[in-house]
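Reader: Could you take me through one part of this protein up close? I'd like to hear about the salt bridges, and how the side chains in them sit relative to the surface.

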Amino acid sequence: MSDSNNMWPFQEISAEEGLDINEIFGTGTSSGTAAPEANPFQVPQQAVPAPETTTPHVEQPPTSPAAPQAEQTPAPQPVAVTIPPATIPAAEPAPNNPLEAAFEAKTVENAKASLFEKKPVFCHKSAKEIIEDPAMTFEELRIRKSEDFLDLEEGKNVSWSVEYGTIRKDVKDPKGTTIISMKESIERSREFLDALKKAKDKNPDCIVRPKVTMKNKGTAAYKGTFPTVEAARKSDKVICLIPGNDGHIYEMHKTEQGEFIAPKHKIIDFQAVAAGFTPALPLIPLSLMRQIIAFFRSFMAEHGQEYEALVLIYWDKWKEEYLAYVPKQNVSKAGIHASLQENPYDDESRYIHYADMHSHNSMEAFFSSIDDADERGTGIYMVLGHLDHFYPEIAARICCGGSFVDIDPGTVIEGLEEPFPPEWCTEVSHEKVPVSKVSPRKAEKTGIWGWKALELLLGDLK
């Protein structure tokens with residue numbers, strides 16, 4: 001590692017120029033300036049008119065050997081006498097104000113300490129942290145931070161920059177450059193000091209910031225995905241992934257020994273996909289669901305027997321609202337035969353067939369084998385059961401390409417939940433019961449079920 005500063009693309013202050021902190025922080029003047037800055041604690045020196053100061057001395061008789069020279073001088077003219085700046089050293093305070101001198105010296109020292117002795121700050125993705133060991137290189141800092149920020153793991157994909165006040169410099173050699181050397185090089189530059197004179201903030205942070213400059217995505221050059229075994233054989237890829245008609249992914253390896261094919265158990269080359277349904281239309285309103293439930297219940301009480309029934313739900317594109325359609329149907333306790341030949345909503349330019357919904361009267365809400373045979377088209381299907389209860393049971397699923405996937409009914413139907421006053425929760429207290437001290441019978445009363453209840457039951461059997 002090298003701390004050489006010859007690599008920085010900015011001009012440093014030469015030894016002859018020096019570093020005048022007083023000039024930067026406004027506490028004095030630099031060498032070569034015409035006049036010092038005004039001192040708020042010192043009485044200003046004013047020009048004194050000549051008649052008021054010199055005339056009385058001319059009328060008195062001479063008292064020293066210098067008097068003859070005064071007599072030879074012509075009559076004094078009314079001119080102003082100004083004390084030269086050299087007679088009042090800029091660095092020396094007024095004799096009657098020692099407090100100002102101490103305050104000014106302390107201010108300069110604090111300014112130097114707060115700026116040049118401040119440690120740099122690491123910043124990445126809204127995270128900030130003081131770099132306690134600035135003697136490390138930028139590459140060493142990357143390795144330390146890669147545990148928290150995985151995007152910094154690949155050093156070749158990460159570049160560094162240092163932002164100090166209004167100055168920003170890129171780090172050309174992260175492996176061979178220490179953080180402190182970069183900071184000090186900027187501090188010694190004329191560019192930084194000139195910017196600091198003009199800046200309102202005389203105490204900026206030295207920000208060390210990484211940047212990910214490259215991302216690698218896709219598949220390795222030696223690997224490919226192919227629809228058939230024949231396509232994989234014709235390719236120049238050594239490793240080929242091929243889908244089989246049994247629903248599995250197979251991996252082919254081409255070697256000098258021959259061609260190997262085996263099922264792929266750990267698949268990381270494809271994106272994770274979750275089965276389900278994401279609606280593109282609003283939820284079915286609860287008011288419409290209440291009408292449908294009342295309709296289903298009417299075939300349990302009013303007819304003296306329990307029957308099933310079918311309702312189709314459509315979305316009207318023009319009115320942007322849902323509507324329910326009851327087709328001609330012949331129903332029984334466990335079956336429905338419906339005819340859709342006279343469907344007035346069979347106009348795809350205006351209506352969308354959104355869902356099928358049928359009842360199971362007092363039976364559970366489940367999909368039978370007859371339902372599986374009938375519901376083969378891509379769509380949403382629902383069954384309402386236990387209609388003799390105050391709240392019926394609803395089962396919902398989708399069919400996609402002949403495969404069924406259960407979904408939460410709340411995905412497509414408005415729920416029963418309504419906002420409640422938050423102060424209700426303040427009236428409820430929780431009592432925690434140690435699970436290890438609860439018997440299986442008590443678990444039934446306290447609502448402790450699942451794996452915990454099974455563990456308790458097995459413990460009692462032992």
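Author: Sure. One thing to keep in mind is that this is a predicted model. To set the scene, the accessible surface of the protein comes to about 31,600 Å², and carbon and sulfur atoms account for 54% of that surface. Of the 462 residues, 30% count as buried. The secondary structure adds up to 14 helices and 19 strands.

Now to the salt bridges. A search of the whole structure turns up 17 of them. Let's start with Glu 163 and Arg 209, whose side chains meet with an N to O distance of 3.2 Å. This pair ties together distant parts of the chain: Glu 163 belongs to strand S5 (residues 158-164), Arg 209 to strand S7 (residues 206-212), and their positions lie 46 residues apart in the numbering. As for the surface, Glu 163 is partly exposed, at 24% relative accessibility. Arg 209 is partly exposed too, at 32%.

Next comes Glu 191 with Lys 169, another salt bridge, at 3.1 Å from N to O. Here a helix is joined to a strand: Glu 191 is in helix H8 (residues 190-198), while Lys 169 is in strand S6 (residues 167-170), and the two are 22 residues apart. The two ends of this bridge fall into separate classes. Glu 191 has a relative accessible area of 36%, so it counts as partly exposed. Lys 169 has just 11%, and since buried means under 20%, that side of the bridge is buried.

Then there's Glu 184 with Arg 188, where the closest N and O atoms are 4.0 Å apart. A salt bridge is counted within 4 Å. Both partners have some surface showing: Glu 184 is partly exposed at 34%, and Arg 188 is partly exposed at 33%.

Not every salt bridge has to be taken as a pair, either. Asp 372, Glu 375 and Arg 397 are linked together in a network of salt bridges.

For a last stop away from the charged pairs, have a look at Gly 335. You'll find it in the loop between strand S14 (328-331) and strand S15 (336-339). Gly 335 has a relative accessible area of 16%, so it is buried. Setting aside neighbours within four places in sequence, Gly 335 is in contact with Glu 308 and Asn 330. Glu 308 is 27 residues away along the chain, yet the C-alpha atoms of Gly 335 and Glu 308 are separated by 6.5 Å.

Methods:
Residues are numbered from 1 along each chain as its sequence is written. This is a predicted model: local features need pLDDT of at least 70, side-chain atom pairs count only at pLDDT 80 or more; totals for chains, interfaces and linings use all residues. Side-chain values use heavy atoms; hydrogens and water are left out. Helices (H or I, at least four residues) and strands (E, at least two) are DSSP runs, numbered from the N terminus. Buried means under 20% relative accessible area, exposed over 50%, partly exposed in between (1.4 Å probe, protein chains only). Accessible areas come from the Shrake-Rupley method with a 1.4 Å probe; for residues, only the protein chains shown count as cover. Contact means heavy atoms within 4.5 Å.
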